[in-house]
Amino acid sequence: MFSLRKTKHSLLAISAALFMATNTASADTVSKDAVLETYSNIAHAIFEDSVTTAKALEASIHALIANPSSATLNAAKAAWITARMPYQQSEAYRFGNPIVDDWEGRVNAWPLDEGLIDYVDQSYGTEADSNQLYTMNVIANKILSVNGKTVDASLITPQFLAETLHEAEDVEANVATGYHAIEFLLWGQDTNGTGAGAGARPATDFDLENCTGGNCERRIQYLTSATTLLINDLKEMQANWSENGVARAHLLKNNDAGIATIFTGMGSLSYGELAGERMKLGLLLGDPEEEHDCFSDNTHNSHYFDQVGIRNVYTGHYKRIDGRVVSGASVADLVEAQDATVNADLLAKLDQTVSAMARLKSRAESIEAYDQMIGEGNAAGNAVVQAAIDGLIDQTRSIERAVSTLGLKAIEIEGSDSLDKPSSVFQ
């Protein structure tokens, strides 16, 4: 598996004077500080929900370990899918907030070379030129060689995963922590290609008395350590967005820069990351491995909630897992005050893309999984994915118009070779 290097393109610098705003709540006088407070409050709520659902995942994993069965394994898988819902809505906070960007790789890095972690199917192969640890299988080996040095892996602890194994030898595909490492341990490899079915790891891979796959005790160590680490990492980011948190403080230092940060995250996730790296690349290659949640076949949900997250930050509205709503002044209010037509256009485009993602989600849940949709020769499935990509690209153009309307200085939106230079994908 691989990921193409991203490129950047910039919006044109806008020389118009920044408009003045006051602290009243009406749409035409909403303050930028109030907008940034709402944005920060939503971030805090999202990460708090992410911690809560990760703890529920941990409880389900403990139940699996105590009584390995198809029922307890399926419950752990369901808890993992639930845990993804709030987290994916946080991704619109990437690309503009350096504290989030520096942290994100610990919890959501992909794609991963799963042979680093556990046993793999023969079709996986035995080596990769770019990764000496491609089939190291830490679960099966207590002594490892990393960067030419002998490493004691007799205990698989959170510290070992974070400090020694994750991105070992500076290879990004050596993903040892986060949601996707846990996903692989729960589902195992998806060896179905563009055929139906996700990973099918048996519950007995966690059964100390009837162990399949070998090394069940160490597999349990890995799974519990990775889950503990995920919770700790999410708690760290929740604290960063608390009332006195460093991410919130950094954002509020300069309200014009803060507003630009919001649009940078929206645009970069919409265009380069989601439309490009996560969707168009896989569609161009027809490669079922090029999907975000490739072991669980949950990619449709991850894409859908990414788009919901983009809309959340624009409208200043987030529905929590318990049904409560966090809302307040938003960048939509700021745009509305300057040009109601531009605001209405962007709101409509965001809703249209949510609908396109909902159609993709519905197809995945009733007809075929996302990895089948992007398969070569699947005209109907390809069209559903392309429609969502088109929506993401179209809404990015509207995001650019909103930035221009507010007279913000130039921002940079992440690009993708799959969108900007598609021919290079095949070189």
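**Exercise 1: the disulfide**

Find how many disulfides the structure holds, and work out which cysteines form one.

*Solution.* Keep in mind that this is a predicted model. Start with the count: there is 1 disulfide here. Next, look for the partners. They are C211 and C216, and their sulfur atoms sit 2.1 Å apart. Two cysteine sulfurs within 2.5 Å count as a disulfide, and the 2.1 Å of C211 and C216 fits that cut-off.

**Exercise 2: its handedness**

Decide whether the disulfide of C211 and C216 is right-handed or left-handed.

*Solution.* Check the torsion about the S-S bond, which comes out at about 95 degrees. That makes the disulfide of C211 and C216 right-handed.

**Exercise 3: buried or exposed?**

Sort C211, C216 and C294 into buried, partly exposed or exposed.

*Solution.* Grab the cut-offs: buried is under 20% relative accessible area, exposed is over 50%, and partly exposed lies in between. Now go one by one.

- C211 has 34% relative accessibility, so it's partly exposed.
- C216 has just 3%, so it's buried.
- C294 has 10%, so it's buried too.

**Exercise 4: two helices meet**

Describe how helix α8 (residues 255-285) and helix α13 (residues 379-405) are arranged.

*Solution.* Take the axes first: they come within 9 Å and cross at roughly 160 degrees. Angles over 145 degrees count as roughly antiparallel, so α8 is roughly antiparallel to α13. As for handedness, the crossing of α8 past α13 is left-handed. Last step, see what lines the contact of α8 with α13: 15 nonpolar, 6 polar and 2 charged residues.

Definitions and conventions. Residues are numbered from 1 along each chain as its sequence is written. This is a predicted model: local features need pLDDT of at least 70, side-chain atom pairs count only at pLDDT 80 or more; totals for chains, interfaces and linings use all residues. Side-chain values use heavy atoms; hydrogens and water are left out. Buried means under 20% relative accessible area, exposed over 50%, partly exposed in between (1.4 Å probe, protein chains only). Axes are lines fitted to C-alpha atoms, for helices over the stretch in contact, and angles run from 0 to 180 degrees between N-to-C directions. Helices (H or I, at least four residues) and strands (E, at least two) are DSSP runs, numbered from the N terminus. Angles under 35 degrees count as roughly parallel, over 145 as roughly antiparallel, 65 to 115 as roughly perpendicular and the rest as oblique. A crossing is left-handed if the near helix is turned anticlockwise from the far one by less than a right angle, and right-handed if clockwise. Ala, Val, Leu, Ile, Met, Phe, Trp, Tyr, Cys and Pro count as nonpolar, Asp, Glu, Lys and Arg as charged, and the others, Gly among them, as polar.
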